[in-house]
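Hello,

Here is the structure for your files. My notes follow below it.

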Amino acid sequence: MDLRGKTALITGSTGKIGRFLAETLAQEGVQCLCQYHRQDRLAHKLVQGIRRRGGRAFAFQSDFQDAEQIRRLFQDAQKHGPIDILIHSAGLFEKTPLKTCTEQQIEDLIRLNLTVPLFLTRLFVKSHFSSGRKRPFAKVLFFADIGALRPWRDYSAYCAAKAGLTAAARSLAKELAPGITVNAVAPGIVEGTIRNRKEAAERRKKIPTGRFVPMGDLMEAVLFLLKTDSITGEVLTVDGGAVL
Ligand SMILES: NC(=O)c1ccc[n+]([C@@H]2O[C@H](COP(=O)([O-])OP(=O)(O)OC[C@H]3O[C@@H](n4cnc5c(N)ncnc54)[C@H](OP(=O)(O)O)[C@@H]3O)[C@@H](O)[C@H]2O)c1
């Protein structure tokens, strides 16, 4: 499916992955509605950069810990036309060893990584099916993690939320067919994520390909899922074999 002329709402667009998502989709001719939380300057730089290259992009600030701001984001984003693609890349990654973590930390992790994508998908679905217009194409893409498939010690809230997200993608793929496809990518460690050189070298040794996931490879996987209408309910691991 040609993405040209479509509109995508991308959450977490100021993240390490999110900014590449926006730039990649803009290059494909997609209008990018870029959500961010704290990084105003980065969000506006991203949007200006896309516009300078002839693309269409807008930035929207919101804090997903507040449900009202989720609704407001969706309303504001929709003013730029019906949304065809929803990508939830915003996320929170934190240890929660149960002996020391707080209840609030657990709630925040579950909320941002699982509850918010479901809330946003609900708004997306309602607007898609209520528009009355026959729209042949709509896509939801979640960002899971290989921690959903092979959980790590001390990250129970994060891993549980991401595992829940993969289950949600598969359930929603059934519920929302045939109008909307729902998929997830489960990245391993993406290039640029681990800054400590010694730690990075140790981690690389444990990955069969011997390297972190290049951003270009992750973007290829995203485009593949967005462009291929016959794939739904898929959780695509992009991890250099780390989960094996
Ligand atoms: N990087 C990796 O190696 C990796 C590996 C596996 C899975 N993933 C998953 O891929 C996704 C993207 O990862 P990333 O590395 O790009 O993450 P990141 O760099 O930590 O970025 C997180 C994004 O979420 C936004 N955000 C954080 N708290 C928020 C809140 N309360 N309300 C609204 N937005 C909020 C941030 O906005 P501001 O920056 O504006 O504050 C930022 O845009 C995440 O879901 C992550 O779990 C990443």
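A backbone N or O atom of Gly15 lies 3.1 Å from an oxygen atom of the ligand. This is a predicted model: local features need pLDDT of at least 70, side-chain atom pairs count only at pLDDT 80 or more, and totals for chains, interfaces and linings use all residues. Residues are numbered from 1 along each chain as its sequence is written, and side-chain values use heavy atoms, with hydrogens and water left out.

Two further ligand oxygen distances: 2.8 Å to an N or O atom in the side chain of Lys162, and 2.9 Å to a backbone N or O atom of Val190. The protein covers 87% of the 900 Å² of accessible area that the ligand has on its own (Shrake-Rupley method, 1.4 Å probe). There are 30 residues around the ligand (a heavy atom within 4 Å); Thr14, Ile17, Gln39, Phe64 and Tyr158 come nearest.

Now helix H3, residues 67-78 (helices are DSSP runs of H or I, at least four residues, and strands are runs of E, at least two, numbered from the N terminus). Its 12 residues should span 16 Å at 1.5 Å a residue (1.5 Å times one less than the number of residues), and the end C-alpha atoms are 17 Å apart, which agrees. Asp66 caps the N-terminal end: a side-chain oxygen lies 3.0 Å from the backbone nitrogen of Glu68.

Which residues of H3 are buried (under 20% relative accessible area, 1.4 Å probe, protein chains only)? Gln69, Ile70, Leu73, Phe74 and Ala77. They cover an arc of only 140° around the axis (directions from the axis to the C-beta atoms), so they sit on the same side of H3. They pack (heavy atoms within 4.5 Å) against strands E1 (7-11), E2 (31-36) and E3 (57-61) and helix H4 (103-130).

Best wishes

Definitions and conventions:
Buried means under 20% relative accessible area, exposed over 50%, partly exposed in between (1.4 Å probe, protein chains only). A polar contact is a pair of N or O atoms within 3.5 Å; within protein, one must be able to donate a hydrogen and the other to accept it, and residues adjacent in sequence count only if both atoms are side-chain atoms.
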